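Reader: Hi! Could you walk me through the charged side-chain pairs in this one?
Author: Happy to, let's bring it up.

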Amino acid sequence: MEEKGMLFSNDVEIYVLSALMLEPNYANEFCGRLTDDSFYNIKHKKIYKAIYNLYIHNEIIDITKVAEELKKSNLLDSIGGKKYLREIITSFPESYNINAYIDILEKYEIERALYNASQQICKNIVDGDKDFPDLLADAEKSINDVVMRQRTSPLVSIEVATEETIKIIEANRAKSDGELIGVNTGFDDLNKFTFGFQPGELIILAARPGIGKSTLALNIATNACELSNAHVAFFSLEMAINQLVMRLLSSYSTVPLSKIRRGNLDEN
């Protein structure tokens, strides 16, 4: 932050723009991650738009082409002309980590979006024009929209991904024959198909109403805790926590759920 209260780094923006104009491969690697909102300085926004237009049209990206692109849009003079582009190029650091600079840009972009969203939420509260439920819904949506903009994982080259995958394969091979390589569901046939639930998988359990999907899901969750020493978070839109616990008590005690729900229990 080079100006108090401003969530940006002018130097980092310059370093990234210079890298994109000096190293042709960087555009293919990073233009998919950046937008003009990634830059705070209005001059840098315009320059990046020109770079991005060249990128999407598969044209060469260098200082001359960027200047021509800005000139076509009558924006070259507004950014300080080709002189400012040369200043950017000459500002390229001798030692640098482009990935680190891109991460900083993304962080500031999200922080600015979060700040703007919070300002709008405050304005809505003060104005008092919305009902309370609508106020909460809008606040939740605006914050979630910002959170969803955050990258959940970095780009990984196929060489690195292959190396990591080989390590996983070798680790699985080292396990004894027949041993599960994932979380034990407690159901032998299901384990045969899945080899146990694996990290990063999305498993969808689907059937018509009344078949017992929730009961099966709860059984799998408890089996995972008991058999694989896993920690499970169980979310339900149809059952309250006391109903879930009653099902667990019925399952482990073999007392019918109907008797537990009615409280029709004796000492035995």
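Reader: So how many salt bridges are there in the whole structure?
Author: A search of the whole structure turns up eleven salt bridges. Keep in mind that this is a predicted model.

Reader: Ok, which residue does D36 pair with?
Author: D36 forms a salt bridge with K49, and their closest N and O atoms are 3.9 Å apart. D36 sits in the loop between α2 (24-30) and α3 (42-56) while K49 belongs to helix α3, so the bridge ties together parts that are 13 residues apart in sequence.

Reader: Are those two buried or partly exposed?
Author: D36 is partly exposed at 24% relative accessible area. K49 is partly exposed too, with 46% relative accessibility.

Reader: Switching to helix α7, where do D145 and K141 lie?
Author: Both are in helix α7 (residues 132-147), four residues apart, which is about one turn of the helix. They form a salt bridge whose closest N and O atoms are 2.9 Å apart.

Reader: And how accessible is each of them, D145 and K141?
Author: D145 has a relative accessible area of 38% and is partly exposed. K141, at 51%, counts as exposed, because the cut-off for exposed is over 50%.

Reader: Nice. What about D138, which residue is its partner?
Author: That's K130, with the closest N and O atoms 2.4 Å apart. D138 is partly exposed at 32%, and K130 is partly exposed at 39%.

Reader: Last one: which residues are linked in a network of salt bridges?
Author: R33, D103 and E106 are linked that way.

Note on methods: Residues numbered from 1 in each chain as written. Predicted model: local features only at pLDDT ≥ 70, side-chain atom pairs only at ≥ 80, totals over all residues. Heavy atoms only, no water. Salt bridge = Lys/Arg side-chain N within 4 Å of Asp/Glu carboxyl O. Helix = DSSP H or I, 4+ residues; strand = E, 2+ residues; numbered from the N terminus. Buried < 20%, exposed > 50% of the residue type's maximum accessible area, 1.4 Å probe, protein only.
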